[in-house]
Amino acid sequence: MVAELDIHARGLSKSFGALKAVDGITLQVERGECYGMLGPNGAGKTTAIRMIHGAVRPDGGELSVLGRDAAAGSRRIREEMGVVPQEDTLDNELSVYNNMWVFANYFGISRRRSRDRIEELLDFVQLRDKWGEQIKNLSGGMKRRLLIARALIHRPRLLILDEPTTGLDPQARHLVWQRLRELKSGGLTILLTTHYMEEAAQLCDRIGVMAQGRVLVEGPPAELVRERVGEEVIELRGAGREAAAAALNGLGLEIERAGDTLYLYCRSGAKAVERLASAGEREFLRRPASLEDLFLRLTGRELRE
Amino acid sequence: MIAAGMVPSRRALRVWLRHLVQYRSFYVAEWAGNFGEHVLYLLAFGYGLGRLVPSLNGISYAQFIGPGLVVSIAMWTSTFESTYGAYNRMRVQKTYEAMMSAPLSLGDIVLGDLLWCGTRAIIGATLMMIVLSLFGLIGSLWWALSVLPIIFLVGLMFGSLGLVSAGLAPSFSFFSFHFSLVVMPMFFFAETLFPLRGLPDGLRLFSQTLPLTHAVKIVRGLIIFGRVDDFLFHLFILAGSTLVFMACATISVSRRMMS
């Protein structure tokens with residue numbers, strides 16, 4: 001049986017002048033799934049999800065969200081979708097509670113009917129005691145939690161988050177992750193973008209790595225790492241690293257050079273470590289392959305600005 | 001280019017309500033400030049300057065200028081709300097963006113802002129009329145109340161003009177053009193502060209082309225005499241230009257918000 005798709009994009013593209021921000025991506029997110037979009041700055045993640053939640057009009061391609069054609073049914077879609085934008089769009093001139101009920105009112109939910117829901121949501125994001133606080137007195141982490149609570153006011157079926165934890169301290173980040181996992185187990189479909197590999201690994205059933213407006217690879221994070229990188233990575237950083245690497249010839253390892261470091265990607269590092277030891281090389285680091293290796297291998301190591 | 005999202009609906013009232021909620025937090029200070037300001041204006045212009053002005057068709061200068069001040073306050077209030085206020089919501093605080101992630105269209109947001117401009121115009125003009133009545137410058141209370149729909153139209157019109165600029169503005173400083181090219185000429189030459197009779201023909205013609213002139217004629221007629229010559233003509237110009245400006249405002253804001 002084919003699972004129901006909450007997001008279905010085909011050949012979706014968008015240019016700003018000469019810049020192809022999103023260059024024909026295809027994306028399928030199933031109901032109840034958490035899908036993460038990874039990519040360096042400027043890869044087109046934000047433009048892609050802004051098209052999906054209707055803030056940017058696509059130049060081409062097909063897009064259906066929650067079973068509706070995005071161009072035709074945009075308002076109906078927004079009634080069932082919550083959006084947590086990258087930038088803070090809270091109403092700075094209103095208190096925490098007023099932010100919540102004014103937003104509920106945008107959805108046509110009356111003040112009386114929204115009251116219990118607001119209490120429940122402020123509890124959920126641990127902002128109950130900030131009820132009457134002005135927005136300018138909230139920390140960055142509190143604002144982000146409030147944005148999440150606000151996006152849930154109308155019990156959406158799909159939640160879209162653009163870098164939900166960028167700039168948060170570890171405590172706040174873990175709280176957000178925990179809440180998102182709870183929402184997911186409650187059946188909510190989640191689409192998010194992130195720079196944090198740990199975030200993607202912790203939350204996402206599937207990820208897509210984007211660069212230059214295209215999706216390079218897609219799949220479950222652990223599987224992708226295994227297939228594209230391997231099980232283990234050995235980093236050589238010593239002065240004799242090239243000589244040490246030569247000792248590993250014949251093992252069929254993939255070698256990557258970046259700055260002062262050699263990266264060796266392998267199924268198992270055991271044999272390589274043996275050889276390095278007998279060659280007298282001690283300056284190396286053996287560790288499990290991670291999503292970060294996948295990301296850097298796919299999108300390159302140079303800075304993106 | 002008229003897109004579906006530009007057509008407003010009843011949901012505009014949800015936007016209007018947001019503005020009202022926000023207004024509740026500062027209206028007391030604002031009313032107190034405005035009240036004092038209005039009294040100062042009236043004393044300075046009506047009685048200070050007015051001593052130098054002979055009676056105009058049997059009414060004092062203070063009587064003459066009162067309705068002019070009522071209309072110009074409606075203009076100033078709705079202009080501030082739709083230029084600095086709307087730009088702040090559009091570009092700085094991203095309030096529009098938040099509204100657009102809810103099921104509100106751009107048309108709803110623009111209309112909600114304009115209804116709010118009309119509301120603020122009514123509040124400002126009412127305060128001014130209270131001051132006028134304290135000085136005995138209102139002919140009849142009922143006729144004074146009858147100007148409120150006209151004031152609301154003035155609020156919609158200057159709200160629309162302000163939103164056109166807010167959509168075009170690259171930064172806050174852009175609005176100094178709006179004030180020197182749109183607001184100030186009307187403030188001075190819409191027969192708000194002095195009658196046009198006896199002025200050069202060119203200036204009188206210019207004044208007739210200003211939509212505010214027609215609002216001033218209606219409001220002055222109603223407040224002082226309880227009747228207006230050529231009422232329907234003035235109303236037609238006022239309502240017609242307001243509708244055109246509202247369409248321009250929607251297009252300007254859409255161009256800014258939809259990429």
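**Exercise 1. Leu43(B) and the nonpolar patch**

Task: In this predicted model, find which helix holds Leu43(B), and then work out which residues make the nonpolar surface patch with Leu43(B).

Solution. Start with the position in the chain: Leu43(B) belongs to helix α2 of chain B. Next, consider how much of the residue is covered: its relative accessible area is 39%, so Leu43(B) is classed as partly exposed, the term used between 20% and 50%. The value also passes the requirement of over 30% for patch members. The patch itself is formed by Leu43(B) together with Tyr47(B), Ile130(B), Leu134(B) and Phe135(B), and it covers about 440 Å². Finally, look at where these residues come from: two helices of chain B, α2 (27-48) and α5 (106-134), each contribute at least two residues to the patch.

**Exercise 2. The fold of chain B**

Task: Determine how many helices and strands chain B has, and decide whether its radius of gyration agrees or disagrees with that of a compact globule.

Solution. Begin with the secondary structure: chain B contains eleven helices and zero strands, so that, by the way helices are numbered from the N terminus, the names run along the chain. Written out in sequence order, the pattern is α-α-α-α-α-α-α-α-α-α-α. Then turn to the dimensions, where the C-alpha trace of chain B extends about 60 × 40 × 35 Å along its principal axes. For 259 residues, a compact globule would have a radius of gyration near 18 Å, and the value of 19 Å for chain B agrees with this. The next step concerns the interior: 54% of the 259 residues of chain B count as buried. Among contacts in chain B with a separation of 6 or more, 79% are between residues 24 or more positions apart. The last step is the surface, which amounts to about 11,200 Å² of accessible area in chain B, with 70% of it belonging to carbon and sulfur atoms.

**Exercise 3. Arg206(A) and its partner**

Task: Establish whether Arg206(A) is buried or exposed, and identify the residue with which Glu33(A) forms a salt bridge.

Solution. First place the residue: Arg206(A) is found in strand β9 of chain A, which covers residues 206-211. Its relative accessibility is 19%, and because buried means under 20%, Arg206(A) counts as buried. Glu33(A) is buried as well. Now examine the pair, in which the closest N and O atoms of the salt bridge between Glu33(A) and Arg206(A) are 2.5 Å apart. Glu33(A) sits in the loop between β2 (19-30) and β3 (34-38) of chain A, while Arg206(A) is in strand β9, so the bridge ties together parts 173 residues apart in sequence. To complete the picture, list the surroundings: leaving out residues up to four places away in sequence, Arg206(A) touches ten-membered company that need not be named in full, including Val29(A), Tyr35(A), Glu218(A) and Pro220(A).

**Exercise 4. Two further salt bridges in chain A**

Task: Find out how many salt bridges the whole structure has over all chains, and describe where Arg10(A) and Glu62(A) lie.

Solution. The search over all chains gives 35 salt bridges. One of these joins the side chains of Arg10(A) and Glu62(A), at 3.8 Å from N to O. This pair links distant parts of the chain, since Arg10(A) is in strand β1 (residues 5-16) and Glu62(A) in strand β4 (residues 60-65), 52 residues apart. Arg10(A) is partly exposed at 45% relative accessibility, and Glu62(A) is partly exposed at 48%. A further bridge connects Glu79(A) with Arg75(A) at 3.1 Å. These two residues are four apart in helix α2 (residues 74-79) of chain A, which means that about one helical turn separates them.

**Exercise 5. Ser101(B) and chain A**

Task: Work out which backbone oxygen the side chain of Ser101(B) reaches, and which residues Ser101(B) contacts beyond its neighbours in sequence.

Solution. Ser101(B) is placed in helix α4 (residues 95-101) of chain B, and with a relative accessible area of 10% it is buried. Its side chain reaches the backbone oxygen of Ala98(B) at 2.8 Å. Once neighbours within four places in sequence are set aside, the contacts of Ser101(B) are Arg78(A), Val83(A), Phe103(A) and Phe107(A).

Definitions and conventions
Residues are numbered from 1 along each chain as its sequence is written. Chains are lettered from A and ligands numbered from 1 in the order in which they are written. This is a predicted model: local features need pLDDT of at least 70, side-chain atom pairs count only at pLDDT 80 or more; totals for chains, interfaces and linings use all residues. Side-chain values use heavy atoms; hydrogens and water are left out. Patches are made of residues with over 30% relative accessible area and no salt bridge: like charges are joined within 9 Å, nonpolar side chains (Val, Leu, Ile, Met, Phe, Trp, Tyr) within 5 Å. Accessible areas come from the Shrake-Rupley method with a 1.4 Å probe; for residues, only the protein chains shown count as cover. A salt bridge is a side-chain nitrogen of Lys or Arg within 4 Å of a carboxyl oxygen of Asp or Glu. Buried means under 20% relative accessible area, exposed over 50%, partly exposed in between (1.4 Å probe, protein chains only). The radius of gyration is taken over C-alpha atoms; the globule rule is 2.2 Å times the number of residues to the power 0.38. Contact means heavy atoms within 4.5 Å. A polar contact is a pair of N or O atoms within 3.5 Å; within protein, one must be able to donate a hydrogen and the other to accept it, and residues adjacent in sequence count only if both atoms are side-chain atoms.
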